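Reader: I would like to go through the labels used for this protein and see what each one rests on. Please set each value against its cut-off.

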Amino acid sequence: MKEVEQIYYNDFGVAFHWKKNDRVLTHKVQIVFKETGFYLSYDEIKAFAQIIDNTCEEMICNSCSFRSKCYKYLLKTPLQQVDLAVSRSELFLIKDLVEGTLFNMDLHNYINNVCRN
């Protein structure tokens with residue numbers, strides 16, 4: 001995989017920057033999971049993380065008759081035309097993937113830009 005620079009991965013998916021002519025294209029991130037790929041900017045990834053957090057907060061399973069056994073949740077995405085049907089476990093794996101991607105991007109930015117003398 002010489003054409004990509006991996007940012008983060010888990011058992012469910014991967015996030016990476018594409019490379020072109022030996023140069024890393026950092027303006028967008030490819031996030032791939034469950035046969036789905038999103039090509040998002042940093043701000044769109046941040047928005048997606050917030051949407052995921054809101055979805056997790058809205059899951060009030062204690063008062064629900066299904067008690068955390070829902071088959072699918074509707075997860076909005078930063079793309080207005082696209083929503084995803086995901087299971088509870090998939091939702092938390094996507095949450096990890098997106099948060100891990102943001103963490104590594106922020107860490108990389110801090111080390112390579114903020115800490116430079």
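Author: The model is predicted. Its secondary structure comes to 2 helices and 6 strands, and along the sequence they follow the pattern β-β-β-β-α-β-β-α. Buried residues make up 33% of the 117 residues.

Reader: What makes D53 and K95 a salt bridge?

Author: The closest N and O atoms of D53 and K95 are 2.3 Å apart. A salt bridge requires a Lys or Arg side-chain nitrogen within 4 Å of an Asp or Glu carboxyl oxygen, so the pair qualifies. D53 lies in helix 1 (residues 42–58) and K95 in helix 2, so the pair ties together parts that are 42 residues apart in sequence.

Reader: Why is K95 called buried?

Author: K95 has a relative accessible area of 18%. Buried means under 20%, so K95 falls in that class. Its partner D53, with 23%, is partly exposed, because that class runs between 20% and 50%.

Reader: How do you know that K72 and E90 form a salt bridge?

Author: The N to O distance between their side chains is 3.8 Å. The limit is 4 Å, so K72 and E90 count as a salt bridge. K72 is in the loop between helix 1 and strand 5 (73–76), while E90 is in helix 2, so the pair ties together parts that are 18 residues apart in sequence. E90 is buried, with a relative accessible area of 14%, whereas K72 is partly exposed at 34%. K34, K72 and E90 are linked in a network of salt bridges.

Reader: What is the N to O distance for K76 and D83, and how many salt bridges does the whole structure hold?

Author: For K76 and D83 the closest N and O atoms are 3.4 Å apart, and the cut-off of 4 Å therefore admits the pair. Both residues are partly exposed: K76 has a relative accessible area of 46% and D83 has 33%. A search of the whole structure finds 5 salt bridges.

Reader: What is notable about phi at N21 and D22?

Author: N21 has a positive phi of about 55 degrees although it is not a glycine. D22, also a residue other than glycine, has a positive phi near 60 degrees. N21 lies in the loop between strand 2 (13–20) and strand 3 (23–33), and D22 is in the loop between strand 2 and strand 3.

Reader: Why are N21 and D22 called exposed?

Author: Exposed means over 50% relative accessible area. N21 is at 74%, so it counts as exposed. D22 is at 83%, so the label applies to D22 as well.

Reader: What makes the surface patch that includes V114 nonpolar?

Author: The patch is made by F103, L107, Y110, I111 and V114 and covers about 520 Å². Val, Leu, Ile, Phe and Tyr are among the side chains accepted for a nonpolar patch, so these residues fit by type. A patch residue must also have over 30% relative accessible area; V114 has 54%, so V114 passes. V114 is in helix 2 (residues 88–114).

Reader: Which residues line the largest pocket, and how do they divide by type?

Author: The largest pocket has a volume of about 240 Å³. Its lining is E5, Q6, I7, H17, T26, N104, M105, H108, N109 and N113. Strand 1 (4–9) and helix 2 are the elements that give two or more residues to this lining, and helix 2 gives the most, with 5 residues. The lining divides into 2 nonpolar, 7 polar and 1 charged. Asp, Glu, Lys and Arg count as charged, so E5 is the charged residue.

Key:
Residues are numbered from 1 along each chain as its sequence is written. This is a predicted model: local features need pLDDT of at least 70, side-chain atom pairs count only at pLDDT 80 or more; totals for chains, interfaces and linings use all residues. Side-chain values use heavy atoms; hydrogens and water are left out. Patches are made of residues with over 30% relative accessible area and no salt bridge: like charges are joined within 9 Å, nonpolar side chains (Val, Leu, Ile, Met, Phe, Trp, Tyr) within 5 Å. Accessible areas come from the Shrake-Rupley method with a 1.4 Å probe; for residues, only the protein chains shown count as cover. Helices (H or I, at least four residues) and strands (E, at least two) are DSSP runs, numbered from the N terminus. Buried means under 20% relative accessible area, exposed over 50%, partly exposed in between (1.4 Å probe, protein chains only). On a 1 Å grid over the protein atoms alone, a cavity is a set of points where a 1.4 Å probe fits but cannot get out, and a pocket is an open set with protein on both sides within 12 Å along at least five of seven lines; lining residues have an atom within 4 Å of a point. Grid points are joined across faces, edges and corners, and a volume is the space filled by probe spheres set on the points.
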